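Work through the exercises below with the sequence and the model open. Each task is followed by a solution in steps.

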Amino acid sequence: MKNNAVITLTGDRPTGRLHLGHYVGSLTERIKLQATAEQAFYMIADVQALTDNADNPDKVRNNVLEVALDNLAVGVDPTKTTMYIQSLVPEIAELTIFFLNLVTVNRLLQNPTVKTEILQKGWGLSEIKETNGILEKTENINKPGVPAGFLTYPISQAADILIMKSNIIPVGEDQKPIIELTNEIIDTFNRYYGEVFSKVKIQLSETPRLVGTDGNAKMSKSLGNCIYLADSNEIIEEKVMAMYTDPNHIRVEDPGNIEGNVVFTYLDIFDPNKPEVLELKAQYQKGGLGDVVLKKRLVGILQELITPIREKRERLAQDPRMIMDILKDGTATARKTAQATLAEVRQAMKIDYF
Ligand code: TRP
């Protein structure tokens, strides 16, 4: 059965606290969508987190609560959004097994998201080459290999999305290739087994990617260039004061560059007073405006944004039992939908025996 109502779904890997990159890239869209969607799902992707943290179960376990707190603190509302834990919905794993047959290994190896992550982690990829009909394996023996579970996580993510029959996926730009793969899986599934799934759409925010405080293209925990939603005012100040600006802007009277200047990039995103930002830019380019003045402005803006989130987070953190109860209830609800979808899938695949 196809469904045209908006069913939104997104998730986080519980590997660390959420930061401003998550906030502008996906959290704000989640909050908007939960108000308008027919149904909203938020999944804590502990199974996906384990694909590159198999040796660190404590980290994944502890961060389940942290990401739940981050989401609740920014306004994900458990009465509107079903919040649940991936591993407690085993139907997702079952659907993943069926989807694995619909994607080639080569297609996975081409996935830009997976490729970037493999490079970042310093994993080696072996390649099978054919020369004159002879298969040859070239292996990068100096690097640890890629876990099979990691290579296939985009397929499992397609199952995350489709088990709930969701169609609008608010995620950051880096997730685009995974959403494309999901649509390819839908095409193949429907062709082999009949029309069960409808196409899905990514919903990008106005700021799908946030540069790191160091000027790196992406704010990322592994790069150590993040401002977290739980950061204190002191830490926010410290991080902003150390932000990358224009290395050639040495004296206040020197003309400065706004291109690639992180402080201006952030002011463009977070400063509500756009006309003033324009004036500041002109002044900075002309010379006579110091970095410290700008940074102080940004400190104030970010403190104002993060303080209520941090305070709500601290309040909620005092009752972890309550948070786990929210996840427990959400999981029970999510599982019902998952079971219904899986029954339909089994029937379509002719494996509904008794
Ligand atoms: N891969 C996503 C991330 O790293 C997390 C995720 C898992 C997800 N399953 C999902 C996002 C399903 C959207 C839909 O941020």
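## Exercise 1: two helices and their direction

H11 and H12 are roughly antiparallel to each other. Task: in this predicted model, show which angle leads to that description, and list what makes the contact between H11 and H12.

Solution.
- Step 1. Locate the helices: H11 covers residues 262–270 and H12 covers residues 274–286.
- Step 2. Take the geometry. The two helices pack at about 165 degrees, and their axes are 9 Å apart.
- Step 3. Apply the cut-off: an angle over 145 degrees counts as roughly antiparallel, and H11 and H12 are therefore placed in that class.
- Step 4. Add the handedness, which for the crossing of H11 and H12 is left-handed.
- Step 5. List the residues. H11 contributes Phe264, Leu267, Asp268, Ile269 and Phe270, while H12 contributes Lys274, Val277, Leu280, Lys281 and Tyr284.
- Step 6. Sort the residues of this contact by class: seven are nonpolar, three are charged and none is polar.

## Exercise 2: a crossing at another angle

Task: state how H3 and H14 are oriented to each other, and which classes of residue form their contact.

Solution.
- Step 1. H3 spans residues 57–74, and H14 spans 320–348.
- Step 2. Their axes come within 11 Å and cross at roughly 85 degrees.
- Step 3. Angles from 65 to 115 degrees count as roughly perpendicular, so H3 and H14 are described that way.
- Step 4. On the H3 side the contact uses Val64, Leu65, Ala68, Leu69 and Leu72; on the H14 side it uses Pro320, Ile323, Met324, Ile326 and Leu327.
- Step 5. The class count for H3 with H14 is ten nonpolar, with no polar and no charged residues.

## Exercise 3: neighbours in H13 and the cores

Task: is Ile301 buried or exposed, and what do Ile301 and Leu302 touch beyond their sequence neighbours?

Solution.
- Step 1. Ile301 lies in H13, residues 291–317.
- Step 2. The relative accessibility of Ile301 is 17%. Buried means under 20%, so Ile301 counts as buried.
- Step 3. Setting aside residues up to four places away in sequence, Ile301 touches Leu267, Phe270 and Asp271.
- Step 4. Leu267 is 34 residues from Ile301 in sequence, yet their C-alpha atoms are 8.6 Å apart.
- Step 5. With neighbours within four places again left out, Leu302 is in contact with Leu20, Ile227, Ile236, Val240, Tyr266 and Phe270.
- Step 6. Leu302, Leu20, Ile227 and Tyr266 have the most contacts inside the largest nonpolar core, which has 47 residues. H13 gives the most to this core, with eight residues.
- Step 7. Another core, of 45 residues, lies apart from it and includes Ile7, Leu162, Phe197 and Val200.

## Exercise 4: residues outside the helices

Task: where are Thr15, Lys165 and Lys350, and is Thr15 buried or exposed?

Solution.
- Step 1. Thr15 is in the loop between strand S1 (7–12) and helix H1 (20–36).
- Step 2. Thr15 has a relative accessible area of 16% and is buried. Not counting residues up to four places away in sequence, Thr15 touches Ala49, Asn53, Lys59, Asn63 and Lys221.
- Step 3. Lys165 sits in the loop between helix H8 (153–163) and strand S6 (168–170). Its phi is near 55 degrees, positive although Lys165 is not glycine.
- Step 4. Lys350 follows H14 and has a positive phi of about 60 degrees, again without being a glycine. Lys350 is exposed, at 67% relative accessible area.

Conventions
Residues numbered from 1 in each chain as written. Predicted model: local features only at pLDDT ≥ 70, side-chain atom pairs only at ≥ 80, totals over all residues. Heavy atoms only, no water. Axes fitted to C-alpha atoms, helices over the stretch in contact; angles between N-to-C directions. Helix = DSSP H or I, 4+ residues; strand = E, 2+ residues; numbered from the N terminus. Parallel < 35°, antiparallel > 145°, perpendicular 65-115°, else oblique. Left-handed = near helix turned anticlockwise from the far one by under 90°. Contact = heavy atoms within 4.5 Å. Nonpolar A, V, L, I, M, F, W, Y, C, P; charged D, E, K, R; others polar. Buried < 20%, exposed > 50% of the residue type's maximum accessible area, 1.4 Å probe, protein only. Core = buried A, V, L, I, M, F, W, Y, C linked by side-chain atoms within 4.5 Å.
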